[in-house]
Amino acid sequence: MYSFTICVLAVLPTALFFVLARLERGTAVPPPTFILGWTLLFGYTLKGLYLAYTLNSDLTHRLAYFGDKNLDLGAFATVYGVMAFLVGYLAVGKTRLRLTSTSLRLHPTLTHIFYYGLFCVSLILMMTFFWKMGFLTQVMSLQLVATKYFVLEQGDYATSLGFLTMGGDFLLIFALYYAVFTPKLKALNVYTFTAVFLFLCYFLSSRRNAVLIMIIAFLMVRGIRKAPKKVGRKFARIVLVGVVLATLSFASQIRGRSEVSAKDLDLLSALEISAEHTLRGAYFMDISKTAAIITETKRRDVFQLGQSYTAVVFAPIPRVLWPGKPAIRNSYFVGDDLLDLRSKSGAPPSGIAELYMNFGWLGIGLGMLLVGGVIRLAYNNYLAAPDKRFARVPYAITMLCLVLFMLADFGMAVLFFIRYAIAIFVCHHYWMSILSRRQSDIPLAQRSLREKHWEATG
């Protein structure tokens with residue numbers, strides 16, 4: 001009966017999101033409920049079903065030393081958080097924020113200077129990251145190593161060089177805007193090469209989250225528009241899901257070894273390692289991890305009272321300049337102090353567990369209620385946008401940051417959002433300038449029906 005309860009609680013939140021998404025279908029982009037349905041399916045439900053199975057078998061998982069008596073506590077906390085999210089989401093209804101257009105209008109010349117200047121600086125940052133992390137040597141020798149940290153010459157500490165990857169976040173937004181405003185994409189252009197270069201950097205550094213963000217972002221802003229038939233589109237989606245899983249699996253295979261030759265990469269082995277991480281590890285919205293965090297936080301009385309949310313103030317300062325900078329994210333506190341995992345990357349608690357770590361059960365209820373309302377407002381504003389091309393990238397980024405909050409923590413979501421927002425501001429004004437110039441050259445009556453439809457639907 002206990003294992004059956006875990007199964008029900010593992011499936012229920014995902015099912016609620018998909019049912020509501022079914023009622024919201026018919027829009028050009030997937031609604032938040034659809035996105036969260038898939039998020040919970042891979043980040044919560046599969047692990048929950050596996051945990052339920054381990055109760056009656058000899059299989060185990062990463063946090064088995066905490067015992068399995070509190071698994072229902074972790075599952076209940078997740079269901080409680082999802083229900084609060086849905087209450088906030090539904091309570092907003094069709095209300096939207098009536099945002100006035102910004103009064104800041106940059107001169108076209110200044111806009112282009114900012115745009116190409118930021119693009120070049122971002123590319124230089126990522127090239128520096130590529131060089132410092134030794135990726136050129138790996139590519140030339142085809143000996144792949146999961147290099148996540150750069151050890152300084154004095155050897156007293158290592159840094160992830162995260163401030164350099166800020167350039168990659170900027171470049172992703174540049175590529176997304178190009179994909180949105182270009183009806184017919186060209187295979188050979190600077191944005192395509194940039195996207196491939198970013199993918200290579202993230203793959204070699206085993207930044208699986210960054211790889212996944214890139215793939216999902218392009219799918220959300222561009223979609224599968226080239227498949228002429230409904231069956232073709234479904235098949236294309238299946239192929240894309242397969243490609244995504246294979247890519248992440250290869251990244252997991254590299255991460256699981258100290259060094260591996262490119263010729264030794266094997267899809268079956270990669271999928272096996274990926275499944276091992278997903279089912280037996282302590283990743284994402286793991287029921288056992290949530291239960292352990294709630295239990296240990298209460299037992300030790302180490303509630304953070306909002307500290308994990310205010311720590312992002314120190315984020316802009318590179319650790320290279322401030323070696324003693326406090327930890328921005330609480331993944332190391334969770335992994336080392338609460339769960340005793342002692343892993344190099346820590347253990348992000350997930351958004352719901354982090355809310356409990358700060359404000360207890362009341363924090364989960366009120367926090368997820370607020371998140372649900374804010375996300376519904378963002379979705380309503382996208383639907384009401386007069387030109388959805390300008391609204392699509394901000395909406396996609398908002399949904400991606402929501403996924404990061406749910407699967408990782410508040411710090412990661414906010415840091416990505418701030419970086420993306422800077423690039424969105426620059427790209428928004430640049431493409432407004434480009435379109436204004438194009439529209440002034442072509443009379444409205446002579447514009448193609450396809451272009452008008454593209455503006456309306458994005």
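I will go through the confidence, the nonpolar cores and one surface patch of this predicted model.

Let me start with confidence, where the chain has an average pLDDT of 82, with 75% of the residues scoring at least 70. Over residues 224–229, however, the pLDDT falls below 50, and in the model this stretch makes eleven contacts beyond near neighbours in sequence. Residues 444–458 likewise have a pLDDT under 50, and for them the model shows 30 contacts beyond four places in sequence. Where pLDDT is low, the predicted coordinates should not be read in detail, and I would ask you to keep that in mind when looking at the contacts of either stretch.

Turning to the interior, the largest nonpolar core has 98 residues, and the members that touch the most others are Phe85, Ile173, Met368, Val393, Ile397, Met406 and Trp431. Helix α15, spanning residues 388–407, supplies the largest share of this core, with 15 residues. If we take Ile397 as an example and leave aside residues up to four places away in sequence, its contacts are Ile173, Leu176, Tyr420 and Ile424. Another core lies apart from this one, and its eleven residues include Ala292, Leu341, Ala347 and Met357.

Finally, the surface, where Val313, Phe314, Ile317, Leu321 and Trp322 form a nonpolar patch that together has about 480 Å² of accessible area. One of these residues, Ile317, sits in the loop between α12 (307–310) and α13 (331–338). Is Ile317 buried, partly exposed or exposed? Its relative accessibility is 35%, and because buried means under 20% and exposed means over 50%, Ile317 counts as partly exposed.

Key: Residues are numbered from 1 along each chain as its sequence is written. This is a predicted model: local features need pLDDT of at least 70, side-chain atom pairs count only at pLDDT 80 or more; totals for chains, interfaces and linings use all residues. Side-chain values use heavy atoms; hydrogens and water are left out. Patches are made of residues with over 30% relative accessible area and no salt bridge: like charges are joined within 9 Å, nonpolar side chains (Val, Leu, Ile, Met, Phe, Trp, Tyr) within 5 Å. Accessible areas come from the Shrake-Rupley method with a 1.4 Å probe; for residues, only the protein chains shown count as cover. A salt bridge is a side-chain nitrogen of Lys or Arg within 4 Å of a carboxyl oxygen of Asp or Glu. Helices (H or I, at least four residues) and strands (E, at least two) are DSSP runs, numbered from the N terminus. Buried means under 20% relative accessible area, exposed over 50%, partly exposed in between (1.4 Å probe, protein chains only). A nonpolar core is a set of buried Ala, Val, Leu, Ile, Met, Phe, Trp, Tyr and Cys residues joined through side-chain atoms within 4.5 Å. Contact means heavy atoms within 4.5 Å. pLDDT is the predictor's confidence in each residue, from 0 to 100.
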